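Here are my notes on the model, set out as numbered points so that you can follow them with the structure open beside you. Please read them in any order you like.

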Amino acid sequence: MKSADVVIIGGGVIGSSIAYHLAARHISVLLFEKDTPAAGSSGGCDGAVLLQSKKHGMHLKMAVASTKLFGELNEQLPVPIEFERNGSMVVIEHEAEFAPMQAFVSQQRQHGVTVSLLDVREARELVPALSEAIAGATFSPDDGKINPIRLNLAFIRGAKERGAQVKVGEYVKHINVKAGRVRGVTTSRGIYSCSVVVNAAGVMAPEIGRMVNIDVPIKPRRGQILVTEAVEPLARCCILSAGYIAAKFDPEIARQSGHGVSIDQTAKGNILIGSTREFVGYNRQTSFDKLIKIANRARQIIPRLESLDVIRSFAGLRPYTPDGMPILGNVDSIEGFIMAAGHEGDGIALSPITGELISQLISGEVPSISLEPFSISRFRES
């Protein structure tokens with residue numbers, strides 16, 4: 001029987017970040033990934049690291065703290081993660097959206113986000129490729145982007161360099177619990193003892209929860225993305241439509257503009273265009289009709305996109321929760337069982353702070369941000 005202080009289930013950016021931060025505290029870690037790192041949600045997304053798209057409150061507080069950590073990780077991690085703080089823009093396509101977005105900007109400013117409201121001329125000075133037909137935009141210099149696959153691999157390598165063990169192609173079949181506390185796990189290859197198990201399995205977190213008779217209210221939400229050929233710079237920052245913000249938390253904007261799109265250009269010049277928000281189970285296939293809708297919306301914002309070749313498309317599954325907030329921290333009914341899943345589309349952006357907070361919790365430190373609002377107990381019926 002092998003042993004470790006902590007077993008982490010899931011080798012995406014959340015699980016690998018936790019492993020990296022625990023190993024830095026000299027806590028022995030075993031991380032199990034049934035496929036390969038970045039094979040799931042962490043490799044099926046864009047790399048936006050945004051503040052202005054976050055709802056004010058604990059979610060925004062987490063995002064601010066996480067963005068600060070990215071600056072440090074950019075220097076510390078053993079693999080270049082291509083972190084760049086180049087800002088983000090929310091395009092206002094219709095005059096009717098202007099008032100709601102004005103209120104949105106005011107609200108974000110009150111909560112510490114540097115964001116400004118731009119008219120058409122100012123927006124096109126920043127991004128000349130924008131359509132002349134837009135009504136305006138917001139811009140935040142605080143936002144940025146990252147290469148999500150490199151980030152995942154960097155956390156994995158960094159964790160291993162600090163002493164963590166990473167088991168790829170090995171999956172947990174059973175969590176051993178005795179007298180209400182975690183004792184270890186049984187995997188596809190052996191038995192391991194531990195005192196803590198972290199459920200960082202993303203969209204598969206409910207399956208892990210069932211091993212200890214816990215109902216984890218997470219379900220997969222598919223997002224489809226188009227990738228164009230590499231071209232000269234068209235978008236100096238990540239671009240969202242106001243409908244993208246609406247799809248997250250503002251029904252008034254949604255009524256005006258639908259679910260919106262996101263447009264982001266990689267360091268190599270390819271443009272990522274997304275994304276859908278679909279409940280289709282664990283189906284990761286792309287659908288032609290949805291991709292056409294995304295493309296049509298995007299070319300209304302940047303007309304130049306119409307002449308570009310699409311070289312591929314892909315889909316990822318976001319771990320959705322009913323209130324849009326991740327599930328983090330202890331599970332009261334089982335000592336040593338910790339949740340770290342349900343970030344939906346914010347897993348990349350929130351991975352540094354999640355790793356930091358969960359490692360603080362496990363090491364006996366007081367988490368720098370309270371985990372109480374993220375407890376799974378919030379979903380229990382009163």
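**Notes on the predicted model**

1. Let me begin with helix 9, on the face turned away from its buried side: F288 and K293 sit there, and both are exposed. Please keep in mind throughout that this is a predicted model.

2. Which residues of helix 9 are buried? They are L291, I294, R297, A298 and I301. These residues span an arc of only 130 degrees around the axis, which places them on the same side of helix 9. An arginine, R297, is among the buried residues here, while a phenylalanine, F288, is among the exposed ones, so do have a look at both side chains.

3. The length of helix 9 is close to expectation: its 14 residues reach 21 Å from the first C-alpha to the last, against the 20 Å expected at 1.5 Å a residue. Q300 also belongs to helix 9. With a relative accessibility of 46%, Q300 counts as partly exposed, because that class lies between the 20% and 50% cut-offs. If you would like a long distance to trace on screen, Q300 and V29 are 49 Å apart in space, C-alpha to C-alpha, and 271 residues apart in sequence.

4. Helix 3 invites a similar reading. This helix runs over residues 98–110, and its 13 residues reach 18 Å from first C-alpha to last, close to the 18 Å expected at 1.5 Å a residue. Its buried residues are P100, M101, F104, V105 and Q108. They lie on the same side of helix 3, since the arc they cover around the axis is only 140 degrees. On the face turned away from that buried side you will find the exposed residues A99 and Q110. After helix 3 comes G112, which has a positive phi, near 90 degrees.

5. Two further positive phi values deserve a look, as neither residue is a glycine. A38 has a phi of about 70 degrees and is placed in the loop between strand 3 and strand 4 (48–49). A179 has a phi of about 55 degrees and is placed in the loop between strand 10 (172–178) and strand 11 (181–187). Are these two residues buried or exposed? A38 counts as buried, at 15% relative accessibility, whereas A179 counts as exposed, at 78%.

6. There is also a cis peptide bond to inspect, with omega at about -5 degrees, between G274 and S275. S275 falls in the loop that runs between strand 17 (271–274) and helix 9 (288–301).

7. How many aromatic pairs does the structure hold? There are four. In the pair of F32 and Y192, the ring centres are 5.0 Å apart and the planes stand at 65 degrees, so this pair is edge-to-face. It links distant parts of the chain: F32 is in strand 3 (residues 29–33) and Y192 in strand 12 (residues 191–193), 160 residues apart. Both F32 and Y192 are buried.

8. Another of the pairs, F70 with F83, is stacked, because the planes are at 20 degrees, with the ring centres 5.3 Å apart. F70 lies in helix 2 (residues 58–76) and F83 in the loop between helix 2 and strand 5 (88–92), so the pair ties together parts that are 13 residues apart in sequence. F70 counts as buried at 0% relative accessibility, and F83 is buried too, with a relative accessible area of 15%.

9. Finally, please look at the second largest pocket, which holds about 550 Å³ of space. Its lining consists of 23 residues, and those nearest its centre are E82, N147, P148, T266 and L272. Helix 5 (148–161), strand 16 (262–265) and strand 18 (310–320) are the elements that each give two or more residues to this lining. By class, the lining of the second largest pocket comprises nine nonpolar, six polar and eight charged residues.

Methods
Residues are numbered from 1 along each chain as its sequence is written. This is a predicted model: local features need pLDDT of at least 70, side-chain atom pairs count only at pLDDT 80 or more; totals for chains, interfaces and linings use all residues. Side-chain values use heavy atoms; hydrogens and water are left out. Helices (H or I, at least four residues) and strands (E, at least two) are DSSP runs, numbered from the N terminus. The expected span of a helix is 1.5 Å times one less than its number of residues. Buried means under 20% relative accessible area, exposed over 50%, partly exposed in between (1.4 Å probe, protein chains only). The arc is that of the directions from the helix axis to the C-beta atoms. On a 1 Å grid over the protein atoms alone, a cavity is a set of points where a 1.4 Å probe fits but cannot get out, and a pocket is an open set with protein on both sides within 12 Å along at least five of seven lines; lining residues have an atom within 4 Å of a point. Grid points are joined across faces, edges and corners, and a volume is the space filled by probe spheres set on the points. Ala, Val, Leu, Ile, Met, Phe, Trp, Tyr, Cys and Pro count as nonpolar, Asp, Glu, Lys and Arg as charged, and the others, Gly among them, as polar. Rings of Phe, Tyr and Trp (its six-membered ring) pair if their centres lie within 6.5 Å; planes under 30 degrees apart count as stacked, over 60 as edge-to-face and the rest as tilted.
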